Amino acid sequence: MPRPRCCRTVGSMPASEYFKPRGIPLSDLKEIVLTIDEFEAVKLADYEQLYQEDAANRMKISRQTFGRIIDAAHQKLADALIHGKALKIEGGQYVLNKKPCKHRRNQSCCKANQ
């Protein structure tokens with residue numbers, strides 16, 4: 001049985017939750033979901049240009065976990081851009097800017113976020 005996931009600390013919510021190619025009706029598009037924690041990883045690594053270790057510290061996760069998150073996010077973004085898919089940003093296990101976590105399975109992992 002895998003370990004329960006710890007919540008990842010996110011600095012802010014995205015300004016937009018949906019992106020789609022121009023001129024194509026939404027009903028004709030396939031959709032890819034980018035989680036909030038994947039969005040935060042892209043923001044920290046690519047926009048703010050932080051090293052993975054520094055970005056992982058901000059999200060309160062290990063560098064290896066950050067690497068897996070950013071790789072998954074890059075794969076999803078590339079798929080959306082190359083194949084003209086809609087991109088929806090939602091979900092994932094995260095806690096917003098050090099607010100108490102609602103994660104119930106493993107309380108101990110979220111105490112650092114409080």
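Which residue in β4 is the bridge partner of Ile32? The partner is Leu87. This structure is a predicted model. At its heart for this briefing are three topics: a sheet, a pocket and a salt bridge.

**The sheet**

- Three strands make up an open sheet. Their order is β2-β4-β3, and the pairing is mixed.
- The edge positions belong to β2 (18-19) and β3 (31-34). Each has a single partner strand, so one side of each is left without a neighbour in the sheet.
- Strands in a sheet pair through backbone hydrogen bonds, and the pairing can be parallel or antiparallel.

**How the strands pair**

- β2 and β4 run antiparallel. Two bridges join them, and β4 covers residues 86-89.
- Tyr18 has Lys88 of β4 as its bridge partner.
- Phe19 has Leu87 of β4 as its bridge partner.
- β3 and β4 run parallel, with four bridges joining them.
- Leu87 in β4 is therefore a name to remember: it is the bridge partner of Phe19 and also of Ile32.**Helices on the sheet**

- Helix α1 (residues 36-47) packs on the sheet and touches β3 and β4. Its direction makes about 75 degrees with that of β3.
- Helix α3 (residues 63-83) also packs on the sheet, touching β3 and β4. The direction of α3 makes about 155 degrees with that of β3.

**The second largest pocket**

- The second largest pocket holds about 160 Å³ of space.
- Residues lining this pocket include Phe19, Leu34, Phe39, Leu77 and Leu87. Also among them are Pro14, Ala15, Ser16 and Lys43.
- Helix α1 gives the largest share of the lining, three residues.
- Both α1 and β4 supply at least two residues each.
- By type, the lining has nine nonpolar residues, one polar and one charged.
- Phe19 and Leu87 are bridge partners in the sheet, and both residues also line the second largest pocket.

**Salt bridges**

- How many salt bridges does the structure hold? There are six.
- One salt bridge joins Asp37 and Arg8. Their closest N and O atoms are 2.6 Å apart.
- This pair links distant parts of the chain. Asp37 sits in helix α1, while Arg8 sits in strand β1 (residues 8-10). The two residues are 29 residues apart.

Key:
Residues are numbered from 1 along each chain as its sequence is written. This is a predicted model: local features need pLDDT of at least 70, side-chain atom pairs count only at pLDDT 80 or more; totals for chains, interfaces and linings use all residues. Side-chain values use heavy atoms; hydrogens and water are left out. Two strands pair if DSSP finds at least two bridges between them. Contact means heavy atoms within 4.5 Å. Axes are lines fitted to C-alpha atoms, for helices over the stretch in contact, and angles run from 0 to 180 degrees between N-to-C directions. On a 1 Å grid over the protein atoms alone, a cavity is a set of points where a 1.4 Å probe fits but cannot get out, and a pocket is an open set with protein on both sides within 12 Å along at least five of seven lines; lining residues have an atom within 4 Å of a point. Grid points are joined across faces, edges and corners, and a volume is the space filled by probe spheres set on the points. Ala, Val, Leu, Ile, Met, Phe, Trp, Tyr, Cys and Pro count as nonpolar, Asp, Glu, Lys and Arg as charged, and the others, Gly among them, as polar. A salt bridge is a side-chain nitrogen of Lys or Arg within 4 Å of a carboxyl oxygen of Asp or Glu.
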